[in-house]
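Let's take a walk through a protein fold together, moving from the whole chain down to single residues. Have the picture ready and turn it as you read.

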Amino acid sequence: MKLNQVQNYDEMSRQAASILISQVRQNPSSTLGLATGGTPLGIYACMVADHRENATSYAQVSTVNLDEYVGLKESDSQSYHFYMQRNLFSHIDIPRDATHIPNGMSPDLLAECRRYDDLLNSLNGVDIQLLGIGANGHIGFNEPGTSFQARTHIVELTETTRAANGRYFPSLQDVPHKAITMGIASIMESRHILLLASGTNKAEAVYALFCDEVSEQNPSSILKKHANVTVIADEAALILAKQKGCVEHPRKTS
Ligand code: GLP
């Protein structure tokens, strides 16, 4: 894994956005794998600003999102459908039918998992997959213990994940117990993976990512087996990994 050490959230966001924007400029019909949560908000803001200022076009881009809660309507302000519209899609020129997010409202969730896998197979591969990281090392909603062979599936969210994501909901009770997520095997098929981490609340997860063995108990650890992963992490997120001496790379500027 390549590590880009940055000072803070803003630098992380600018750097990641610039990688995505370059990808789209070089290949206007790129497929981007997108993520939700607090981490990518700054990236999407940079992409929207760049679209306004430099007219980078997404007219031929396709997107696939990692995950969605089960049981939230698209119109629910906590759904990832709503998040993507509010923070990115409604501000750029991407056609609505080129954006893909698992449907957590499907009456047949297993069929929805198969539909999403078929869709992923039809897209000729994801050029860049954005990933945040959960405090317990989850990627997408692949919680600890998930098989590395998993494709799109329904997950029971751990209480730590529900508690962490509860900050976006009116109360913990409102956080869904289930989600539908792209599987680790599909994530690993992306040509380039960009994992972002900012803040001390990610320090344990980043420490485990760099310092621990590859294990299904730490979903993010599988990324060590991918040939083209860029981790962009800030000082706060790297604090433990640095203290333990498993991050040796000098600070990179770009
Ligand atoms: C959720 C998402 C993940 C995300 C994680 C971290 O569980 N399913 O894709 O990486 O939260 O979220 P945040 O960026 O808000 O810390």
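Among contacts in the chain between residues at least 6 apart in sequence, 78% link residues that are at least 24 apart. Keep in mind, as we go, that this is a predicted model. One pair you can look up is glycine 37 and glycine 134: they are 97 residues apart along the chain, and their C-alpha atoms are separated by 9.6 Å.

Now step back to the whole chain. Its secondary structure comes to 8 helices and 10 strands. The radius of gyration is 17 Å, close to the 18 Å that the globule rule gives for 254 residues, so the chain is as compact as a globular protein of that length. If you trace the C-alpha atoms along the principal axes, the span is about 50 × 45 × 35 Å.

What about inside and outside? Of the 254 residues, 56% count as buried. The chain exposes about 11100 Å², and carbon and sulfur atoms supply 49% of that area. As for charge, there are 21 positive and 27 negative side chains, and the centres of these two sets lie 3 Å apart.

Let's look inside. In soluble globular proteins, nonpolar side chains tend to be buried together. Here the largest nonpolar core has 61 residues, and the members that touch the most others are Ile43, Tyr44, Met47, Tyr58, Leu88 and Leu130. Helix 1 (residues 9-26) gives this core its largest share, 6 residues. Try zooming in on isoleucine 43: leaving aside its neighbours within four places in sequence, its contacts are Ser13, Ala16, Ala17, Leu20, Leu130 and Leu196. There is also a second, separate core of 9 residues, with Tyr80, Val155, Phe169 and Val175 among them.

Next, find helix 7 (residues 203-211), where Ala203, Ala205, Val206, Ala208, Leu209 and Phe210 are buried. Which elements cover these buried residues of helix 7? The cover includes strand 1 (2-6), strand 9 (192-197), strand 10 (229-234) and helix 8 (235-243).

Let's finish with a return to glycine 37, in the loop between strand 2 (31-34) and helix 2 (41-54). Is glycine 37 buried or exposed? Buried means under 20% relative accessible area, and glycine 37, at 18% relative accessibility, therefore counts as buried. Leaving aside its neighbours within four places in sequence, glycine 37 is in contact with Tyr83 and Tyr168.

Notes
Residues numbered from 1 in each chain as written. Predicted model: local features only at pLDDT ≥ 70, side-chain atom pairs only at ≥ 80, totals over all residues. Heavy atoms only, no water. Helix = DSSP H or I, 4+ residues; strand = E, 2+ residues; numbered from the N terminus. Rg over C-alpha atoms; globule rule 2.2 N^0.38 Å. Buried < 20%, exposed > 50% of the residue type's maximum accessible area, 1.4 Å probe, protein only. Contact = heavy atoms within 4.5 Å. Areas by Shrake-Rupley, 256 points an atom, 1.4 Å probe, with all protein chains shown as cover. Lys, Arg positive; Asp, Glu negative; His and termini not counted. Charge placed at Lys NZ, Arg CZ, Asp CG, Glu CD. Core = buried A, V, L, I, M, F, W, Y, C linked by side-chain atoms within 4.5 Å.
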